[in-house]
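Could you walk me through this model, from the overall fold down to a few individual residues? I'd like the cut-offs spelled out along the way.

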Amino acid sequence: MAAQTSAKSLLHLSSSSSSSSSCPCFGTSKQSNLIKLRKTQVGFEPRGLTQHTKPINVETLSLSYKSGIRVVVEERKKRWEVKCTAEGIERGVLMGRRGREEAVAPAKVLVPERFKVVALMACVMCLCNADRVVMSVAVVPLATKFGWSSSFLGIVQSSFLWGYILSSVVGGALIDKYGGKRVLATGVALWSLATLLTPWAANHSTTSLLAIRAFFGLAEGVALPAMGIILSRWFPNHERASAVGISMAGFHLGNVAGLLLTPIMLSSIGITGPFILFASLGLIWLSTWTQVTNDPQESQLISKSELRLIQAGKTDSSVSNGKFPPIQLLLSKLPAWAIILANITNNWGYFVLLSWMPVYFKTVFNVNLKQAAWFSAVPWGTMALSGYVAGATSDYLIKAGVNLTLVRKIMQSIGFIGPGVSLLCLNFVNTPVHASVFITIALSLSSFSQAGFLLNIQDIAPQCAGLLHGISNSFGTLAAIVSTIGTGYFVQWLGSFQAFLTVTAALYFMSTIFWNLFATGERVF
């Protein structure tokens, strides 16, 4: 009723005028468009409207419809011309309906940019480890073909680490200075090329094979430091452990992919098959990496709310100023040595199991290559899951207010004591199933180290985390070389893996004591 009354009062207002001016919305037409309209959506007809309208005073004009739309014209004290016509009213009604439709339309779901970054990081970590594992499986038929001894087999397995140890420190420093994006992309391109050339090098000569594997390790040495730096910039502190857990889950799933796919492709295609596959996947990944930036502040795709969340969750700036403390200063602090010894122990045990697990199942339990791959793959799959659980648990404890140093010590203790006990138990098993169970427990619990020393690098040295990671990785790589070659000599001389497993377990226990004495979550550098 209010609508009809207001509209009728509007339409009854008319007067003749000598002026030829008309409402601006109708131009200079001799006959108003309003006269031609017989009926509008509002439901009234025009009556006795003349050609021109007269300016009138309007204090408040309100039109209310049954649909609940209310158009309120703000009160004005000055005189103004009425420009509201039936056509204008219709337009307002239609716009109101469109507005209501847009209001009820579901909002577009946007994936946060930091989730995309960690997904790509998990993929490249998967490729990083899969490319390593290919050789661990392919070395068995290569050893048969070329008649390699167990000791020389250890040298071939360790050749990857020769280049890896050289690139860790330099690569870490470059990442601190230039950011992880370009350095990681260069590393992926080079290690994919080395993977592709490995079968050719093996057929050419053992010297060529050792050289190409060392070059492969040189390229892969930048992967873990780049991961740590990029994730520390893209994630707030209370999400960092989970992000690392997801990325390292991809790293461990690379073991599964390599161990399962390589035997199949070796039997169906030949030696070149798995190397071509994983090299091609590396090049495909590179095409998706272009939109990622070193820092979220440089991204054109990130939302303002996500950027504020990331910045609010940081206590210290993780962006390096390009100036590094002297290496002597880094090595003079016990917390740094706690990280270095933890990296040594972690790599010692990790590379023994990574390089020798297929050989272990074939030698000790006389299973064929495909069966050995399945027994070897199961532990790595569970390690991927437990790594994420470790990260999520660490983040939960930090959010709950538990002291950061205590959280890092708890996670690292689980990551070392668990594998040590499991490897001792491995000396008493008699079946491949039981051996696989204890190896699974050992690797699953060792993944808790990711929320220990691996994250602690960023805690104590946020401005030079890449350099410290590179230094600790170099020590760890040296330990991996010794353990990988040493396992071969132990097996050749003693004919058994048990003695070396006992030595590895003892190293786990000693490192746990040192870590709990000197590790800290406070910033040191």
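What follows goes from the whole chain to a helix pair, the core and some single residues.

First, the ground rules. This is a predicted model, where local features need pLDDT of at least 70 and side-chain atom pairs count only at pLDDT 80 or more, while totals for chains, interfaces and linings use all residues. Residues are numbered from 1 along each chain as its sequence is written, and side-chain values use heavy atoms, with hydrogens and water left out.

**Overall picture**

The secondary structure comes to 19 helices and 2 strands; these are DSSP runs numbered from the N terminus, with helices being H or I of at least four residues and strands E of at least two. Of the 525 residues, 52% count as buried, where buried means under 20% relative accessible area, exposed over 50%, and partly exposed in between (1.4 Å probe, protein chains only). The protein exposes about 24300 Å², and carbon and sulfur atoms supply 63% of that; the areas come from the Shrake-Rupley method with a 1.4 Å probe. Among contacts (heavy atoms within 4.5 Å) with a separation of 6 or more, residues 24 or more positions apart account for 82%.

**H4, H9 and the core**

Helix H4 (residues 113-146) and helix H9 (residues 237-268) have axes that come within 6 Å and cross at roughly 35 degrees. The axes are lines fitted to C-alpha atoms, for helices over the stretch in contact, and angles run from 0 to 180 degrees between N-to-C directions. The crossing of H4 and H9 is right-handed, meaning that the near helix is turned clockwise from the far one by less than a right angle. By class, the contact of H4 with H9 has 19 nonpolar, 8 polar and 3 charged residues. Here Ala, Val, Leu, Ile, Met, Phe, Trp, Tyr, Cys and Pro are nonpolar, Asp, Glu, Lys and Arg are charged, and the others, Gly among them, are polar.

The largest nonpolar core has 122 residues, and Leu184, Met227 and Tyr360 have the most contacts inside it. H4 gives the largest share of this core, 18 residues. Such a core is a set of buried Ala, Val, Leu, Ile, Met, Phe, Trp, Tyr and Cys residues joined through side-chain atoms within 4.5 Å. Neighbours within four places aside, Leu184 is in contact with residues including Met121, Val124, Trp285 and Trp289.

**Single residues**

| Residue | Relative accessible area | Status |
|---|---|---|
| Methionine 135 | 1% | buried |
| Serine 449 | 1% | buried |
| Asparagine 346 | 17% | buried |
| Serine 150 | 31% | partly exposed |

Methionine 135 lies in helix H4. Its C-alpha is 9.7 Å from that of proline 199, 64 residues away in sequence. Beyond four places in sequence, methionine 135 touches residues including Leu142, Thr198, Arg213 and Phe275.

Serine 150 is found in helix H5 (residues 150-178). The C-alpha atoms of serine 150 and threonine 487 are 9.1 Å apart, though 337 residues separate them along the chain. With sequence neighbours up to four places away left out, serine 150 touches Trp356, Gly488 and Gln492.

Asparagine 346 sits in helix H13 (residues 334-365), and serine 449 in the loop between helix H16 (432-446) and H17. Which residues does asparagine 346 touch, not counting residues up to four places away in sequence? They are Phe416, Ser446, Ser449 and Phe453. Serine 449, on the same basis, is in contact with Asn346, Met411, Gln412, Gly415, Phe416 and Leu454. As for helix H17 (residues 453-460), 8 of its 8 residues are buried, with Phe453 and Leu454 among them.
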